[in-house]
Amino acid sequence: MIQAAIIIAKNPAQYGFDIDAVETPQSELVTIPNALDLRVIAEWTGVSIDNIRALNPELRRTLTPLGKHDLRVPLGTAAAVEAKLATADASIFKPINLYTVKKGDTLATIARRYKTSTADLLNANDLKKGARVKPGQQLQVPVVSTTAAVLAAGTKKPASSATTPVATTTTYRVKPGDTLSAIARQFAMSVTDLKKLNQLSSDTINVGDKLTVRR
């Protein structure tokens with residue numbers, strides 16, 4: 001059956017098949033220097049993440065691979081993406097670890113092990129809330145930056161102290177290339193907490209906006 005399908009596909013008219021040509025979406029290539037969330041690309045190009053994934057079927061997750069990767073974007077948007085990349089803060093790129101799920105693992109235990117959040121694990125692996133993992137499954141685990149790790153360590157309660165540290169806040173001004181996910185990572189927060197803290201109903205932010213963040 002497979003061999004017959006191949007033969008027919010090479011010359012469908014000869015075997016009585018009338019197949020309409022499928023229009024291939026026009027696109028152009030842009031080089032992404034490191035692992036980057038496809039939602040950022042979608043935001044920069046003004047299309048949905050599904051459009052970006054359709055242009056790049058080789059990507060099985062919502063992140064580009066580590067290191068340089070040639071990504072297809074809608075025709076006419078490459079220049080805009082390159083301009084964003086040129087001015088983007090380095091924190092927008094996501095260093096990742098690959099982790100193979102073991103028996104007894106859950107997203108919560110893996111998140112704690114790598115000092116990240118369950119929400120970030122879900123986002124990095126294109127999983128829905130409440131998803132379960134299975135032994136042998138491979139996950140991309142976002143790496144917490146040194147700054148974030150120090151901040152997280154600084155909020156831990158000393159063994160000899162009975163005082164509970166109180167998280168303080170500061171104001172952050174949105175820069176070119178910033179996204180909510182990049183800002184959340186920079187301050188070791190989840191996007192959900194960042195939106196809640198600033199009473200945001202969408203993921204849209206603009207250059208110059210002032211956001212309240214934890215430090």
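Mentor: Let's begin with a term: a pocket is an open set of grid points where a 1.4 Å probe fits, with protein on both sides within 12 Å along at least five of seven lines. Keep in mind as we go that this is a predicted model.

Trainee: Okay, how much space lies in the second largest pocket?

Mentor: About 560 Å³. It has 21 lining residues, and those closest to its centre are Arg-39, Asn-123, Ser-181, Val-191 and Asp-203.

Trainee: Which helices each supply at least two residues of that lining?

Mentor: Look for α2 (38-45), α6 (118-124), α8 (180-186) and α9 (191-197), each of which gives the lining at least two residues.

Trainee: And how do the lining residues divide into nonpolar, polar and charged?

Mentor: Seven are nonpolar, five are polar and nine are charged.

Trainee: Charged residues make me think of salt bridges. How many does the structure hold?

Mentor: Three. To spot one, look for a side-chain nitrogen of Lys or Arg within 4 Å of a carboxyl oxygen of Asp or Glu. Start with Arg-39, which we just met by the centre of the pocket: its side chain pairs with that of Asp-37, at 3.1 Å from N to O.

Trainee: Is Asp-37 buried or exposed?

Mentor: Buried, because its relative accessible area is 3% and the cut-off for buried is under 20%. Its partner Arg-39 has 34%, so Arg-39 counts as partly exposed.

Trainee: Where do I look for another salt bridge?

Mentor: Go to Arg-113 and Asp-105, whose side chains meet at 3.3 Å, N to O. Here Asp-105 is buried, with a relative accessible area of 12%, while Arg-113 is partly exposed at 45%.

Trainee: Which residue does the side chain of Lys-195 meet in a salt bridge?

Mentor: Asp-203, at 3.0 Å from N to O. You've seen Asp-203 before, among the residues closest to the centre of the second largest pocket. With 44% relative accessibility, Asp-203 is partly exposed.

Trainee: Let's move to the surface. Which residues make the nonpolar surface patch?

Mentor: Ile-7, Tyr-15, Phe-17 and Ile-19 make it, and the patch is about 420 Å². Patch residues need over 30% relative accessible area, and Phe-17 has 43%, so it's partly exposed. You'll find Phe-17 in the loop between α1 (2-10) and β1 (27-32).

Trainee: What about backbone angles? What should I look for?

Mentor: The general idea is that most residues other than glycine have a negative phi. Now go to Lys-115: its phi is positive, near 55°, and it isn't a glycine. This lysine is in the loop between α5 (107-113) and α6, and Lys-115 is exposed, with a relative accessible area of 55%.

Trainee: Where is Gln-199, and what is its phi?

Mentor: Gln-199 is placed in the loop between α9 and β6 (210-214). Its phi is also a positive value near 55°. At 74% relative accessibility, Gln-199 counts as exposed.

Trainee: Sequence numbers and distances in space confuse me. How do I read them together?

Mentor: Take a pair of residues, note how many positions separate them along the chain, then check the C-alpha to C-alpha distance. Pro-176 and Leu-85 are 91 residues apart in sequence and 9.4 Å apart in space. Pro-176 lies in the loop between β5 (169-173) and α8, and with a relative accessible area of 39% it is partly exposed.

Trainee: How far apart in space are Gln-137 and Tyr-99?

Mentor: 8.3 Å from C-alpha to C-alpha, with their places 38 residues apart in sequence. Gln-137 is in the loop between α6 and β4. It is partly exposed, with a relative accessible area of 26%.

Trainee: Which other residue could I try in that loop?

Mentor: Try Gly-130, which lies in the loop between α6 and β4 (138-142). Gly-130 and Thr-118 are 12 residues apart in sequence, and their C-alpha atoms are 9.9 Å apart. With 65% relative accessible area, Gly-130 is exposed.

Methods:
Residues are numbered from 1 along each chain as its sequence is written. This is a predicted model: local features need pLDDT of at least 70, side-chain atom pairs count only at pLDDT 80 or more; totals for chains, interfaces and linings use all residues. Side-chain values use heavy atoms; hydrogens and water are left out. Patches are made of residues with over 30% relative accessible area and no salt bridge: like charges are joined within 9 Å, nonpolar side chains (Val, Leu, Ile, Met, Phe, Trp, Tyr) within 5 Å. Accessible areas come from the Shrake-Rupley method with a 1.4 Å probe; for residues, only the protein chains shown count as cover. Helices (H or I, at least four residues) and strands (E, at least two) are DSSP runs, numbered from the N terminus. Buried means under 20% relative accessible area, exposed over 50%, partly exposed in between (1.4 Å probe, protein chains only). On a 1 Å grid over the protein atoms alone, a cavity is a set of points where a 1.4 Å probe fits but cannot get out, and a pocket is an open set with protein on both sides within 12 Å along at least five of seven lines; lining residues have an atom within 4 Å of a point. Grid points are joined across faces, edges and corners, and a volume is the space filled by probe spheres set on the points. Ala, Val, Leu, Ile, Met, Phe, Trp, Tyr, Cys and Pro count as nonpolar, Asp, Glu, Lys and Arg as charged, and the others, Gly among them, as polar.
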